[in-house]
Amino acid sequence: KSNESMKNDVTKEEETKGEETGHQEGKAMTQKSIKKEKAKAKKVHKSESKMKKKNSPFPLPPLSSLLDENGKIKSDVSWLLELIILGFPKSGTTYLEHNLNSDNSYLIHSEQCKLAANKTDILVPILYQEPPNNVNGLIRGIKCPRLLESEYALANTAQYFPNANFIISTRHPVLWFQSFYNFRSYKMHPKFDLTPMDLIGECHREKNTKSPYVCIPDIDGCDKTKTYNVCTNRAQYHHALSRFGKTPMTSKYELDLLDHHDMSVVPSKAKVFLIEISQISDTNETRAKIFRDDLKKFIGISSDLPAMKHESRNQYPDAKRKERFMNICDEQYGPMREILMDHGRKASKWIRKYFLKSPDVFVSSREFLEEQLETWTVDPCDDIEDSS
């Protein structure tokens with residue numbers, strides 16, 4: 001055969017394998033499968049307990065031993081940050097931040113995105129001073145949903161905090177965009193005057209250049225107000241996740257799923273706990289308890305996590321600020337949904353076929369998680385249209 005035909009055969013074979021992957025996709029999780037998840041969890045927890053290193057000194061050394069007289073890092077600060085909640089906005093990251101504090105873990109209650117802006121020197125005193133200093137072995141953490149999509153954050157993390165592990169929460173791309181757009185239009189009212197259709201494509205738009213990263217004004221010189229970092233390209237979760245270097249990225253099939261993106265890849269030994277937002281609000285109490293226990297073991301905390309019950313509250317009480325809210329199922333947004341669905345299908349397939357196979361990637365109730373990832377291949381507006 002010619003080289004070209006052999007390549008085609010390989011591609012077809014990879015596609016076939018890609019279609020065949022999955023763990024009983026589309027089937028409801030039975031009590032039997034829940035018991036199986038419990039058995040798996042015992043094995044996983046053993047490896048996770050070995051994974052976590054509590055190297056925080058106690059009592060703490062003086063801050064002056066970490067920073068020089070100019071405020072620059074001069075010694076090892078890796079123990080100051082062991083957990084990062086990143087990705088993706090409006091996917092439950094704030095809720096996780098508020099629920100993962102415990103007797104021996106502390107997540108700062110405000111977004112800390114200094115790593116994205118090359119301001120690690122400023123982050124160090126925050127990590128040192130804000131958490132309680134009377135806890136031996138305290139696990140310090142931060143949250144910043146855009147870190148994974150910024151150009152420099154992963155490299156800065158690898159350099160200064162190589163022991164940090166990551167929690168990443170995701171969401172159906174169509175529902176994610178609607179939630180994020182409405183959130184921005186409410187919070188930035190009346191400055192945020194862009195229509196949803198204005199936000200198709202890249203977030204970073206400056207001087208006729210296109211960037212795969214979000215805009216970080218402090219270092220990019222970009223004008224964040226052009227999109228407020230709301231754009232359909234941020235639904236390409238798999239592009240950002242691939243930056244961890246946890247998959248081969250050598251076959252044409254995988255690279256096609258990743259659209260041959262040009263974001264930087266920063267391979268590391270960091271561990272990643274992947275979540276789909278439905279796991280946070282799961283009404284199956286048995287599975288929800290497994291989820292909390294898996295998070296507890298991954299983080300390395302001693303106390304049980306509280307049940308994650310959402311409070312029923314009106315997030316957007318001001319009617320005036322809601323005047324630009326969108327319903328993404330409206331007919332006018334059909335072309336946008338097609339774009340978001342294309343991102344969702346590729347992300348769903350890549351995560352299930354490649355990312356979840358990495359020994360550095362941890363999940364809870366994998367069968368249920370894969371069922372939720374499979375829903376990304378279906379337009380949620382179709383159900384509304386069918387019922388009407």
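Mentor: In this predicted model, the largest cavity holds about 30 Å³ of space.

Trainee: How many cavities of 30 Å³ or more are there?

Mentor: The count comes to one.

Trainee: Which residues line the largest cavity?

Mentor: The lining is made of Ala116, Ser150, Glu151, Tyr152, Tyr213, Val214, Ile216, Ile219 and Asp220. Six of the lining residues are nonpolar, one is polar and two are charged.

Trainee: Why is arginine 234 called buried?

Mentor: Buried means under 20% relative accessible area. Arginine 234 has 5% relative accessibility, so arginine 234 counts as buried. Arginine 234 sits in the loop between helix H7 (217-220) and helix H8 (237-241).

Trainee: What makes Cys203 a contact of arginine 234?

Mentor: A contact needs heavy atoms within 4.5 Å. With neighbours within four places in sequence left aside, the contacts of arginine 234 include Cys203, Trp176, Phe180 and Val214. Between arginine 234 and cysteine 203 the C-alpha to C-alpha distance is 7.7 Å, and the two are 31 residues apart in sequence.

Trainee: What makes cysteine 203 and cysteine 231 a disulfide?

Mentor: The sulfur atoms must lie within 2.5 Å. Those of cysteine 203 and cysteine 231 are 2.0 Å apart, and the pair forms a disulfide. Cysteine 203 is in the loop between helix H6 (173-187) and strand S5 (204-206), and cysteine 231 is in the loop between H7 and H8, so the disulfide ties together parts 28 residues apart in sequence. Both cysteines, 203 and 231, are buried.

Trainee: Is that disulfide left-handed or right-handed?

Mentor: The torsion about its S-S bond is about -95°, so the disulfide of cysteine 203 and cysteine 231 is left-handed.

Trainee: How many disulfides are there by this rule?

Mentor: There are three. One of them joins cysteine 113 and cysteine 144, with sulfur atoms 1.9 Å apart. The torsion about the S-S bond of cysteine 113 and cysteine 144 is about 105°, so this disulfide is right-handed.

Trainee: How do you know that cysteine 113 and cysteine 144 are buried?

Mentor: The cut-off is under 20%. Cysteine 113 has 12% relative accessibility and so counts as buried. Cysteine 144 has 0% and therefore also counts as buried.

Trainee: Why is the disulfide of cysteine 329 and cysteine 381 given its handedness?

Mentor: Its S-S torsion is about -85°, so the disulfide is left-handed. Cysteine 329 lies in the loop between helix H10 (285-299) and helix H11 (334-353), and cysteine 381 in helix H13 (residues 381-387), so the pair ties together parts 52 residues apart in sequence.

Methods: Residues numbered from 1 in each chain as written. Predicted model: local features only at pLDDT ≥ 70, side-chain atom pairs only at ≥ 80, totals over all residues. Heavy atoms only, no water. 1 Å grid on protein atoms, 1.4 Å probe; cavity = no way out; pocket = protein on both sides within 12 Å on 5 of 7 lines; lining within 4 Å. Points joined across faces, edges and corners; volume = space filled by probe spheres on them. Nonpolar A, V, L, I, M, F, W, Y, C, P; charged D, E, K, R; others polar. Helix = DSSP H or I, 4+ residues; strand = E, 2+ residues; numbered from the N terminus. Buried < 20%, exposed > 50% of the residue type's maximum accessible area, 1.4 Å probe, protein only.
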